[in-house]
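User: Please pick one part of this model and look at it closely. Then explain, step by step, how that part relates to the rest of the chain.

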Amino acid sequence: VILAMDVLEHIPKYHLVAQKMVNSLRPGGLLLENTPFEREETVPEGGDYRIHLTSGGVTMQEALGETMERIGVPPEKRGAFKVWRKKGGDPDELAKMWPAV
C-alpha cells in the first residue's frame with residue numbers, strides 16, 4: 001500500500017512520480033491518494049490556489065497508466081481520497097486482503 005495524501009500536487013511533473021509508485025506496487029497493490037488540483041476558474045473568489053501546481057493536463061488515470069484501476073469511492077465524489085488497485089494477481093487472495101468496497 002502506498003499513501004500519497006495532498007502531496008503530488010506540489011511536485012512538478014508529478015506523473016513521473018506516479019509511474020514510480022505504480023512500478024513499486026505488486027499486482028493487487030493499492031495506492032490511496034488525494035490530489036486537489038484546481039483550475040484557476042474553479043477556485044472561489046479570494047481563494048488561494050498558488051500552492052497547487054497544475055497537473056500539466058495529465059489526469060491521474062493517465063499518469064498511473066492502464067495497469068491501475070480505480071476502486072471504492074465513486075469518481076464523481078469530489079473531495080474524497082481515491083483508491084487505485086494494480087491489476088493482476090490472484091483474485092481470491094486479493095479478496096482476502098482487500099474486501100470489495
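## A loop residue and its surroundings

Analyst: Asp90 counts as partly exposed, with a relative accessibility of 41%. The model discussed here is a predicted one. Asp90 sits in the loop between E4 and helix H3, which runs over residues 91-97. Which residue is 62 residues away from Asp90 in sequence but 8.1 Å away in space? That residue is Gly28, and the 8.1 Å is taken from C-alpha to C-alpha.

Gly28 also belongs to a loop, the one between H1 and strand E2 (30-34). Is Gly28 buried or exposed? Its relative accessible area is 10%. The cut-off for buried is under 20%, so Gly28 is buried. The two partners therefore fall into separate classes: Gly28 is buried, whereas Asp90 is partly exposed.

The loop that holds Gly28 follows H1, and H1 is the next element to examine. Which residues of H1 are buried? They are Tyr14, Ala18, Met21 and Val22. These four cover an arc of only 100° around the axis, which means that they lie on the same side of H1. The face turned away from that buried side carries Lys20, Asn23 and Ser24, which are exposed. H1 thus has a buried side and a face with exposed residues.

What covers the buried residues of H1? The cover includes strands E1 and E2, helix H2, strand E3 (68-71) and strand E4 (82-86). E4 also borders the loop where Asp90 is found, and E2 borders the loop where Gly28 is found.

The buried side of H1 leads to the nonpolar core. In soluble globular proteins, nonpolar side chains tend to be buried together. The largest nonpolar core in this model has 15 residues. Met21, Leu31, Leu64 and Met68 are the ones with the most contacts inside this core. Strand E1 (2-5), helix H1 (14-24) and helix H2 (60-64) are the elements that give two or more residues to it. H1 gives the most, with four residues.

Leu31 shows how parts of the chain meet. Leaving aside residues up to four places away in sequence, Leu31 touches Ile2, Met21, Leu25, Leu64, Met68, Lys82, Val83 and Trp84. Among these, Met21 is one of the buried residues of H1, and Leu64 and Met68 are, like Leu31, among the residues with the most contacts inside the core.

E3 and E4 are also joined by charged side chains. Side chains of opposite charge can pair when their charged atoms come close. How many salt bridges does a search of the whole structure find? It finds one. The partners are Glu69 and Arg85, and their closest N and O atoms are 2.5 Å apart. Glu69 is in strand E3 and Arg85 in strand E4, 16 residues apart, and the pair links distant parts of the chain. Glu69 is partly exposed at 26% relative accessible area, while Arg85, at 18%, counts as buried.

The loop on the other side of H1, between E1 and H1, holds Asp6 and Lys13. Asp6 is not a glycine, yet its phi is positive, about 55°. Lys13 is likewise a residue other than glycine with a positive phi, near 55°. Asp6 counts as partly exposed at 40% relative accessibility, and Lys13 is exposed, with a relative accessible area of 60%.

Some nonpolar residues lie at the surface. Val1, Leu3, Met5 and Phe81 form a nonpolar patch there, with about 410 Å² of accessible area together. Met5 is in strand E1 and counts as partly exposed, at 35% relative accessibility. E1 also gives residues to the core.

The whole chain gives the setting for these parts. It has three helices and four strands, in the order β-α-β-α-β-β-α along the sequence. Of its 101 residues, 33% are buried. Its accessible surface is about 6,900 Å², and carbon and sulfur atoms account for 57% of that. Among contacts with a separation of 6 or more, 68% are between residues 24 or more positions apart. Asp90 and Gly28, where this account began, are 62 residues apart along the chain, with C-alpha atoms separated by 8.1 Å.

Terms used: Residues numbered from 1 in each chain as written. Predicted model: local features only at pLDDT ≥ 70, side-chain atom pairs only at ≥ 80, totals over all residues. Heavy atoms only, no water. Core = buried A, V, L, I, M, F, W, Y, C linked by side-chain atoms within 4.5 Å. Buried < 20%, exposed > 50% of the residue type's maximum accessible area, 1.4 Å probe, protein only. Contact = heavy atoms within 4.5 Å. Arc of directions from axis to C-beta. Patch = residues over 30% accessible without salt bridge, like charges linked within 9 Å, V, L, I, M, F, W, Y side chains within 5 Å. Areas by Shrake-Rupley, 256 points an atom, 1.4 Å probe, with all protein chains shown as cover. Salt bridge = Lys/Arg side-chain N within 4 Å of Asp/Glu carboxyl O.
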